[in-house]
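Trainee: I should like to go through this structure and ask what justifies each term that is applied to it.
Mentor: Please do; each answer will set a value against its criterion.

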Amino acid sequence: MKALYRIPLLVLLLTSTAQADPELRKVLTFHASFDRGFDADFSRGEKACLVRKGKETVPAAPSDDIRIVEGVGRFGGALHFPKKGATRLQFAGPGILGYNSQSWSTSISVWLRLDPDKDLEPGYCDPVQIVGDDTKKGFIFLEWSKDHAPRFFRYAIRPLVEIWNPTNVGWEDIAADKRPMVQLGGPIFLREKWTHVVFTIENGNSRTAQPVGRLFIDGAPRGAIEGWNLTFGWDPAKVALVLGASYVGHIDDLAVFDRAITEAEVQRLHALPKGVSELHP
């Protein structure tokens with residue numbers, strides 16, 4: 001009799017899995033696989049990957065600071081930052097992050113491979129940032145801390161500076177529990193292993209709904225930024241997703257979604273056999 005119950009259970013599991021993909025596909029706004037180059041594979045806005053050259057931005061190209069390496073990624077190729085350099089990749093334009101001044105929600109998914117304590121050079125490292133026209137108007141980033149051994153890994157959402165730091169105190173001089181961030185210690189990232197990071201922001205700039213930011217590592221929730229007024233002052237036309245600030249290591253399968261995806265959706269995303277390419281409309 002036990003075997004009779006296995007088929008319905010299997011059908012139920014397969015049905016649940018199949019139903020998860022359309023929902024994630026519907027909210028996907030951007031995906032860069034880094035299999036064939038720097039530009040995005042899919043985008044509701046611009047696909048071009050840019051770098052800043054003086055006051056201008058130009059198309060990204062391989063250099064001593066950054067290259068595409070075939071076959072080493074979590075899925076196919078990957079970005080490789082071989083050393084601490086000045087090159088920061090940038091994706092910008094309407095349709096990617098969907099920033100607005102009323103109620104803004106988004107999720108960023110990325111795979112990283114490095115040993116922070118062996119590979120990173122001295123100083124802060126931000127593998128992923130969301131920036132606007134002025135960091136005093138808001139700054140969102142993943143970060144490895146500057147002088148700790150071992151380094152802390154952080155997800156920070158800094159709103160308008162007058163909200164989170166009205167007296168202009170140094171970032172490290174503020175007690176950890178008084179900063180708008182999730183801070184993690186311990187061995188999380190390894191050279192031999194790809195690590196999946198998802199961070200979300202929900203109800204940014206909202207005057208009615210409670211804002212929150214969440215961090216997930218390898219599909220599991222690792223902390224939340226709650227109880228803060230997450231109001232930003234960015235010019236929407238100048239908001240960008242930036243990669244590789246002082247980063248040394250590999251990056252793969254970068255994706256953006258137009259809302260805060262749920263824990264169950266993060267787990268499904270983490271388990272995709274072929275990565276985000278499975279979600280392209």
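**Reasoning from values to terms**

Mentor: Let us begin with the sheet: it is open and has 8 strands in the order β4-β3-β7-β16-β9-β10-β11-β12, with antiparallel pairing. The model is a predicted one.

Trainee: What makes β4 and β12 stand at the edges?
Mentor: β4 (56-59) and β12 (181-184) have a single partner strand each, so one side of each lacks a neighbour in the sheet. On average, neighbouring strands of this sheet are turned by 25 degrees against each other, direction ignored.

Trainee: How do you know that β11 and β12 pair?
Mentor: Pairing requires at least two bridges. Strand β11 (residues 153-158) and β12 share 4 bridges in the antiparallel sense. Within β12, Met181 stands opposite Ala156.

Trainee: What supports the pairing of β3 with β4 at the other edge?
Mentor: Strand β3 (residues 50-53) is joined to β4 by 4 bridges, and the two run antiparallel; the criterion of at least two bridges is therefore met. Leu50 has Pro59 of β4 as its bridge partner. The hairpin of β3 and β4 has 2 residues between the strands, and Gly54 there takes a positive phi near 70 degrees.

Trainee: How confident is the predictor in the protein chain?
Mentor: The average pLDDT is 93, and 93% of the residues score at least 70. Residues 1-20, however, have a pLDDT below 50, and this stretch makes 2 contacts in the model beyond near neighbours in sequence. Where pLDDT is low, the predicted coordinates should not be read in detail.

Trainee: Which residues have the most contacts inside the largest nonpolar core?
Mentor: This core has 52 residues, and those with the most contacts inside it are Leu89, Ile130, Ile140, Tyr155, Leu215 and Leu254. Strand β8 (residues 104-113) gives the most to this core, with 4 residues. A second, separate core has 14 residues, including Val27, Leu272, Val276 and Leu279.

Trainee: What does Leu215 touch?
Mentor: Apart from residues up to four places away in sequence, the partners of Leu215 include Leu142, Phe153, Tyr155, Val182 and Leu184. Also among them are Val197, Val198, Phe199 and Pro221.

Trainee: Why is His196 called buried?
Mentor: The limit for that term is under 20% relative accessible area. His196 has 1%, so the term applies. This residue is in strand β13 (residues 195-204).

Trainee: What makes the approach of His196 to Ser109 a polar contact?
Mentor: The distance cut-off is 3.5 Å. The side chains of His196 and Ser109 are joined at 2.8 Å, and those of His196 and His270 at 3.2 Å. Beyond its neighbours within four places in sequence, His196 is also in contact with residues including Trp111, Phe216, Asp218 and Leu269.

Trainee: Why is Ser145 counted as buried?
Mentor: Its relative accessibility is 0%, so Ser145 meets the limit. Ser145 is found in the loop between β10 and β11. Its side chain makes a polar contact of 3.0 Å with the side chain of His148, and a polar atom of that Ser145 side chain lies 2.9 Å from the backbone nitrogen of Phe152.

Trainee: What makes the bond between Ala149 and Pro150 a cis peptide bond?
Mentor: Its omega is about 0 degrees. Pro150 lies in the loop between β10 (139-144) and β11. Most peptide bonds are trans.

Trainee: What makes the phi of Phe34 worth noting?
Mentor: Phe34 has a positive phi of about 60 degrees although it is not a glycine. Most residues other than glycine have a negative phi. Phe34 lies in the loop between β1 (28-32) and β2 (42-43), and at 0% relative accessible area this residue is buried.

Trainee: Where does Ser246 lie, and is this residue buried or exposed?
Mentor: Ser246 lies in the loop between β16 (240-245) and β17 (249-257). Its relative accessible area is 14%, so Ser246 is buried. Ser246 likewise has a positive phi of about 60 degrees although it is not a glycine.

Trainee: Why does Ala245 count as buried?
Mentor: Ala245, in strand β16, has 4% relative accessibility and therefore counts as buried. The C-alpha atoms of Ala245 and Tyr124 are separated by 8.5 Å, with the two residues 121 residues apart along the chain.

How values were computed
Residues numbered from 1 in each chain as written. Predicted model: local features only at pLDDT ≥ 70, side-chain atom pairs only at ≥ 80, totals over all residues. Heavy atoms only, no water. pLDDT = per-residue confidence, 0-100. Contact = heavy atoms within 4.5 Å. Core = buried A, V, L, I, M, F, W, Y, C linked by side-chain atoms within 4.5 Å. Buried < 20%, exposed > 50% of the residue type's maximum accessible area, 1.4 Å probe, protein only. Axes fitted to C-alpha atoms, helices over the stretch in contact; angles between N-to-C directions. Polar contact = N/O pair within 3.5 Å; in protein donor to acceptor, adjacent residues only side chain to side chain.
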